[in-house]
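Here are my notes on this one, in the order I'd go through them with the viewer open. Shout if any point is unclear.

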Amino acid sequence: MAIVKPKKHPPHMDMTPMVDLAFLLLTFFIMTATFKTNDAEVTTPSSVSTIKVPDDKIMIISIDKTGKVFFGVDAQPTRISMLDNIAQSKGISFTDLEKKKFSLQSSFGFPLNQLKAYLNTPDGEMAQIKQPGIPVDSTGTSELADWVYAARKADPGLRIALKGDNLAKFPVFKDVLGNLQSQNINRFNLITGSEAAPAGFKMD
Amino acid sequence: MSAIVETGGSGKGDGKVRGKKLNTNVDMTPMVDLGFLLITFFMLATTMSKPTSMTLNVPDKTEKNDETEPLKASKVLTLFLGKNDDVYYLDGVAADDPKAEESLKTTRFGSELRSVIFESSNRINAANAKDEKGYGAFVCVIKPTVVSTYKNMVDVLDEMAITKSKKYALVDNLTDSEKKLLGDKVKP
């Protein structure tokens, strides 16, 4: 009796569709990538607002969960002229190298008297240094106000965004608000995450 | 891998001499490996949800506005943001009212707070005529205390947007009678 044995093939699967899909996804992710920055870690609260945060011409004041305040401006040339402005008004001078390094910081949280020392630390160590935050107090004339002033002088068209952490205490926000109001800034954006609006809600 | 098995060269007996077919199979494994590696990298490195922003307008501090008259307590819902995400509220009662003590209630964020706002605004808007700009009479006064967080404030502002309360005020200091009323609830 001849037993008909099925001819053995090595298991063979056509993976072309999978690979196609994989590369499609890869292309998508490469195109849409906006990289996480090494800013202060801030978990923002969420809101139903649908207005997107503008990408350019923006200064961001961040408040982290311990209440430390950070400041950042988006464009590198603006950062340099902002530093020039503040150096001029405070009577400090920065070297070109320091300016260059400053322009690479997307945000910083140093009192003015410690900034120079920070900019002179070697590149590799910069990320490890704990930033103490920019001094802010309730008088409305603290260093944050100086920075905001310097930034607006560098680029008058800058929009102001506030990015606070969920756990930041309200008094810190109040102080930041005081600093802005002392310069007659009464309109700004609060950066929030997005959340779904409750059922039946329509934005008008 | 996606190998295309060439079964060419099986023609027999036609007597023609054919050039040997080259094997066109390319091992794609390394390329695919790299592809997936990159996918993983980009997926982890991207921030997908772009943050949104809510606009906040605060009144000008320098500008003196003399024509505002004091708000009538009966048209006001006052929300005090306390610690641990608690919200205390006075609905239509002033803090120095003798009834304030018993009418101070506690609520939580989310649908609870929303129904409090809706209830109060419906009641007040029904009882009072609209103002000259066509807005209801309902006013919400938000008082974040020192123990509240930034999230609490944003959440309340968000509730204002959701309940479409057009008239609200963010007031950051408590009056003496409010301090007395809230007592230990707002102590850090």
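1. A word on terms before we start: two residues are in contact here if their C-beta atoms, placed from the backbone, lie within 7 Å. Keep in mind too that this is a predicted model.

2. Let's begin with A:K163, which sits in strand β4 (residues 159–164) of chain A. Is A:K163 buried or exposed? A:K163 counts as buried, because 26 C-beta neighbours fall inside 10 Å and the cut-off for that label is 20 or more. Setting aside neighbours within four places in sequence, A:K163 is in contact with A:V42, A:T44, A:I60, A:S62 and A:I191. A:F102 is another matter: A:K163 and A:F102 are 61 residues apart along the chain, and their C-alpha atoms are separated by 21 Å.

3. Next, helix α6 of chain A, residues 143–154. It has 12 residues and reaches 16 Å from its first C-alpha to its last, close to the 16 Å expected at 1.5 Å a residue. Which residues of α6(A) are buried? They are A:E143, A:L144, A:A145, A:W147, A:V148, A:A150, A:A151 and A:A154. The cover over these buried residues includes strands β2 (58–63) and β3 (69–73), along with helices α2, α4 (112–119) and α7 (170–181), of chain A.

4. Two of those covering helices deserve a closer look, starting with α2 (residues 76–90) of chain A. The axes of α2(A) and α6(A) lie 8 Å apart, and the helices pack at an angle of about 125°. That angle is why α2(A) is called oblique to α6(A). The crossing of α2(A) past α6(A) is right-handed. On the α2(A) side the contact is made by A:T78, A:S81, A:M82, A:N85 and A:I86, and on the α6(A) side by A:D146, A:W147, A:A150, A:A151, A:K153 and A:A154. By class, the residues of this contact divide into 6 nonpolar, 3 polar and 2 charged. As a reminder when you look at the spacing, an α-helix has 3.6 residues a turn, so residues three or four places apart point the same way.

5. Then there is α7(A). Its axis and that of α6(A) come within 9 Å and cross at roughly 45°, which makes α6(A) oblique to α7(A). α6(A) passes α7(A) in a right-handed crossing. What makes the contact? A:L144, A:A145 and A:V148 come from α6(A), while α7(A) brings A:V176, A:N179 and A:L180. The residues of this contact are 5 nonpolar and 1 polar, with no charged.

6. On to chain B, whose secondary structure comes to 5 helices and 6 strands. From the N terminus on, the elements run α-β-β-β-α-β-α-β-α-β-α. Of the 188 residues in chain B, 22% are buried. Taking contacts in chain B between residues at least 6 apart in sequence, 60% join residues at least 24 apart.

7. How many residues of chain B are in contact with chain A? There are 40 of them, set against 51 residues of chain A. Three elements of chain B each supply at least two residues of its side of this interface: α1 (29–45), β1 (52–57) and α4 (150–162). That side of chain B has 21 nonpolar, 12 polar and 7 charged residues.

8. α4(B), named just above, is mostly covered, with 10 of its 13 residues buried. Among them are the charged residues B:K151, B:D155, B:D158 and B:E159. The end C-alpha atoms of α4(B) are 18 Å apart, which agrees with the 18 Å that 13 residues should span at 1.5 Å a residue. Just after α4(B), B:K164 takes a positive phi of about 55°.

9. Finally, two asparagines to check in the backbone plot. A:N184 has a phi near 65°, a positive value in a residue other than glycine; A:N184 lies in the loop between α7 and β5 (187–194) of chain A. B:N84 has a phi near 50°, again positive in a residue other than glycine, and B:N84 lies in the loop between β2 (76–81) and β3 (86–91) of chain B. Are they buried or exposed? A:N184 is exposed, with 10 other C-beta atoms within 10 Å, and B:N84 is exposed, with 9.

Note on methods:
Residues are numbered from 1 along each chain as its sequence is written. Chains are lettered from A and ligands numbered from 1 in the order in which they are written. This is a predicted model: local features need pLDDT of at least 70, side-chain atom pairs count only at pLDDT 80 or more; totals for chains, interfaces and linings use all residues. Axes are lines fitted to C-alpha atoms, for helices over the stretch in contact, and angles run from 0 to 180 degrees between N-to-C directions. Helices (H or I, at least four residues) and strands (E, at least two) are DSSP runs, numbered from the N terminus. Angles under 35 degrees count as roughly parallel, over 145 as roughly antiparallel, 65 to 115 as roughly perpendicular and the rest as oblique. A crossing is left-handed if the near helix is turned anticlockwise from the far one by less than a right angle, and right-handed if clockwise. The expected span of a helix is 1.5 Å times one less than its number of residues. A residue is buried if 20 or more other C-beta atoms lie within 10 Å of its own, exposed if 12 or fewer, and partly exposed in between; C-beta atoms are placed from the backbone.
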